[in-house]
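Please report on the fold and the charged side chains of the model shown below. Plain text is enough, with a table where like items can be listed.

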Amino acid sequence: MERVKLAREIIETCLEMTRIGLNQGTAGNVSVRFNGGMLITPTGVPYEKLTTDHIVYIDADGQHEAGKIPSSEWRFHQAVYHTRPDAGAVVHNHAVHCTAVSILNRPIPAIHYMIAAGGGNSIPCAPYATFGTRKLSEYVAVAMKDRKATLLQHHGLIACEENLQKALWLAQEVEVLARLYLTTLAIVDPVPVLDDEEIAIVLEKFKTYGLRIEE
């Protein structure tokens, strides 16, 4: 029953990601940590047609269930779970503003205190590698070592958190930061940023701040 419940939550997250404008078409993918491995969206199935039976289980060794094909990006989801033991869910999308910043191959700097939601004083940008490859997962592992979110050069965004609701919340916050960054870049470059001392204060406050979920 837990698997079915989590599968439903994955589908709801996919649909919500599209509804709030963070994704389009069959782009992006969503996973949750489960039973030593993960549950992840399949490849090529439109979100509105997903059923719980479509959701794929992949074990810790990267082996998936027979008869099901997981998202081509499963390797970087696995990399996040290996790199961040605190992550219970991963959201990946091609949000327009995040993707635009990733095309510039720039991290999002500390332009606003909400940068701390990502775990540090920036949202990094992992180097480009072909989607679905082991090389991309290696780049993601490095970028996410001390962050909860990273851009992927010429690709999009990854965000992780303890559960799906928080991971989606973080993805939305990073998209807002990306939009702010692009807006201010049109006026001045480099954009003024908060110093590391202030970010350290905010990071401490973020231990008790953020999306609260009532069961």
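Val 176 is partly exposed, with a relative accessible area of 45%; here buried means under 20% relative accessible area, exposed over 50%, and partly exposed in between, with a 1.4 Å probe and protein chains only. Val 176 belongs to helix H5, residues 164-185. Its C-alpha is 9.5 Å from that of Met 114, while 62 residues separate the two in sequence. Helices (H or I, at least four residues) and strands (E, at least two) are DSSP runs, numbered from the N terminus.

The model is predicted: local features need pLDDT of at least 70, side-chain atom pairs count only at pLDDT 80 or more, and totals for chains, interfaces and linings use all residues. Residues are numbered from 1 along each chain as its sequence is written, and side-chain values use heavy atoms, with hydrogens and water left out.

**Sheet and helices**

An open sheet of mixed pairing is formed by 7 strands in the order E3-E2-E1-E4-E7-E6-E5. Its edge strands, each pairing on one side only, are E3 (56-58) and E5 (125-126). Two strands count as paired if DSSP finds at least two bridges between them. E1 and E2 run antiparallel and are joined by 4 bridges; in this pair Arg 33 has Met 38 of E2 as its bridge partner. The two strands form a hairpin with 2 residues between them, and Asn 35 in the turn has a positive phi of about 50°. E2 (residues 37-40) is also antiparallel to E3, with 3 bridges joining them, and Leu 39 has Tyr 57 in E3 as its bridge partner.

Helix H4 (residues 134-143) packs on the sheet, where it touches E5, E6 (149-152) and E7 (156-161), and its direction makes about 140° with that of E6. Helix H1 (residues 2-19) lies across E1 (29-34), E2, E3 and E4 (89-93), running at about 155° to E1. Contact means heavy atoms within 4.5 Å. Axes are lines fitted to C-alpha atoms, for helices over the stretch in contact, and angles run from 0 to 180 degrees between N-to-C directions.

**Salt bridges**

The whole structure holds 11 salt bridges, each a side-chain nitrogen of Lys or Arg within 4 Å of a carboxyl oxygen of Asp or Glu. The table gives some of them.

| Pair | Closest N to O distance |
|---|---|
| Glu 65 and Arg 3 | 3.0 Å |
| Asp 86 and Arg 84 | 2.8 Å |
| Lys 135 and Glu 138 | 3.4 Å |

Glu 65 is in the loop between E3 and H2 and Arg 3 is in helix H1, so their salt bridge ties together parts that are 62 residues apart in sequence. Glu 65 is partly exposed at 23% relative accessibility, and Arg 3 is partly exposed at 25%. A network of salt bridges links Arg 3, Glu 65 and Lys 68.

Asp 86 is partly exposed at 43%, whereas its partner Arg 84 is buried at 12%. Lys 135 and Glu 138 both lie in helix H4, 3 residues apart, about one turn of the helix.

**Glu 73**

Glu 73 lies in the loop between E3 and helix H2 (74-83). Glu 73 is buried yet has no salt bridge, and the nearest side chain of opposite charge, Arg 75, is 8.1 Å away. For charge, Lys and Arg count as positive and Asp and Glu as negative, while His and the chain ends are not counted. The side chain of Glu 73 makes a polar contact with that of His 155 at 3.2 Å. A polar contact is a pair of N or O atoms within 3.5 Å; within protein, one must be able to donate a hydrogen and the other to accept it, and residues adjacent in sequence count only if both atoms are side-chain atoms.
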